[in-house]
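Trainee: I should like to learn how to read a ligand site and a few individual residues in a model of this kind. May we take the features one at a time?

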Amino acid sequence: MTYDKDNIFAKILRGEMPAVKVYEDDQTLAFMDVMPQSPGHVLVIPKTEAEDLFDLELKAGTAVLRTSQRVAQVVQEVFQADGIMINQFNGPAAGQTVFHYHVHIVPRYEDVPLRRHSGDMEDIAVLEEQAAKIRQALGES
Ligand code: AMP
């Protein structure tokens, strides 16, 4: 499959679609998942075109890992999570629905089940409030 330049995350990167951003640098962008599986669910993407893991340059992958580590640390603190789940799906059979490489950062709690993947839309005001807390803890606001 060739990279589709009109996928949602490519549009977010070009500023053609809104996103509730928490962190950005020259190589990566992190923003709130609009259908969170748990409060504080963040996505991290490279700014380079890559459909999935197999398509990802290692330099971009390293940058995504660096951002994911930093954001995950802060998300764990802000949402007082018992643990952080990092997910990354490759191909529809694995659950991938947006074909621009991305890492999920999902807070987890003892004995609390996850909400459905790509399930219910969260209120944007709630996501904005959560993002503000993450940005503040990151020193980005
Ligand atoms: P995946 O199934 O790994 O491809 O995950 C795609 C994720 O993107 C899902 O968790 C969706 O809830 C999320 N998502 C889809 N559209 C948007 C959007 N416009 N802004 C933020 N997150 C999105």
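Trainee: What takes up the space of the largest pocket?

Mentor: Please keep in mind that this is a predicted model. Here the largest pocket is the space taken by the ligand.

Trainee: How many residues surround the ligand, and which are the closest?

Mentor: A residue belongs to such a shell if one of its heavy atoms lies within 4 Å of the molecule. In this structure 18 residues surround the ligand. The closest are Asp33, Gly95, Thr97, His102 and His117.

Trainee: Which polar atoms of His102, Gly95 and Val34 lie by the ligand, and at what distances?

Mentor: One looks for pairs of N or O atoms within 3.5 Å. A polar side-chain atom of His102 is 2.7 Å from an oxygen atom of the ligand. For Gly95 a polar backbone atom takes part, at 2.7 Å from a ligand oxygen. Val34 likewise contributes through its backbone, where an N or O atom lies 3.4 Å from a nitrogen atom of the ligand.

Trainee: How much of the accessible area of the ligand does the protein bury?

Mentor: The ligand taken alone exposes 510 Å², and the protein buries 94% of that area.

Trainee: Which elements give two or more residues to the shell around the ligand?

Mentor: They are α1 (8-13) and β2 (28-32). The largest share, three residues, comes from α1.

Trainee: How do the residues of the shell divide into nonpolar, polar and charged?

Mentor: There are ten nonpolar residues, seven polar residues and one charged residue in the shell. When reading this division, note that Gly counts as polar.

Trainee: Let us turn to the loop between β4 and β5. Is His100 buried or exposed there?

Mentor: A residue is called buried when its relative accessible area is under 20%. His100, which is found in the loop between β4 and β5, has a relative accessible area of 0% and is therefore buried.

Trainee: What does the side chain of His100 reach?

Mentor: Two partners can be named. The side chains of His100 and Tyr3 are joined by a polar contact of 2.6 Å. The backbone oxygen of Pro46 is reached by the His100 side chain at 2.8 Å.

Trainee: Where is Tyr101, and is this residue buried or exposed?

Mentor: Tyr101 has its place in the loop between β4 and β5. With a relative accessible area of 8%, Tyr101 is buried. Its C-alpha atom is separated by 21 Å from that of Val75, with the two residues 26 apart along the chain.

Trainee: Where is Ser38, and what does its side chain reach?

Mentor: Ser38 lies in the loop between β2 and β3 (42-46). The residue is buried, since its relative accessible area is 5%. Its side chain reaches the backbone oxygen of Pro107 at 2.8 Å.

Trainee: Finally, backbone angles. What is the phi of Gln80 and of Ser118?

Mentor: In both cases one reads the sign of phi together with the residue type. Gln80 is not a glycine, yet has a positive phi of about 45 degrees. Ser118 also has a positive value in a residue other than glycine, near 55 degrees.

Trainee: Where do Gln80 and Ser118 lie, and how exposed are they?

Mentor: Gln80 is in the loop between α2 (58-78) and β4 (83-87), and is exposed with a relative accessible area of 65%. Ser118 is placed in the loop between β5 (103-108) and α3 (124-138). Its relative accessible area is 32%, so Ser118 is partly exposed.

Notes:
Residues are numbered from 1 along each chain as its sequence is written. This is a predicted model: local features need pLDDT of at least 70, side-chain atom pairs count only at pLDDT 80 or more; totals for chains, interfaces and linings use all residues. Side-chain values use heavy atoms; hydrogens and water are left out. Helices (H or I, at least four residues) and strands (E, at least two) are DSSP runs, numbered from the N terminus. Buried means under 20% relative accessible area, exposed over 50%, partly exposed in between (1.4 Å probe, protein chains only). A polar contact is a pair of N or O atoms within 3.5 Å; within protein, one must be able to donate a hydrogen and the other to accept it, and residues adjacent in sequence count only if both atoms are side-chain atoms. Accessible areas come from the Shrake-Rupley method with a 1.4 Å probe; for residues, only the protein chains shown count as cover. On a 1 Å grid over the protein atoms alone, a cavity is a set of points where a 1.4 Å probe fits but cannot get out, and a pocket is an open set with protein on both sides within 12 Å along at least five of seven lines; lining residues have an atom within 4 Å of a point. A molecule sits in a cavity or pocket if more than half of its atoms lie within 2 Å of its grid points.
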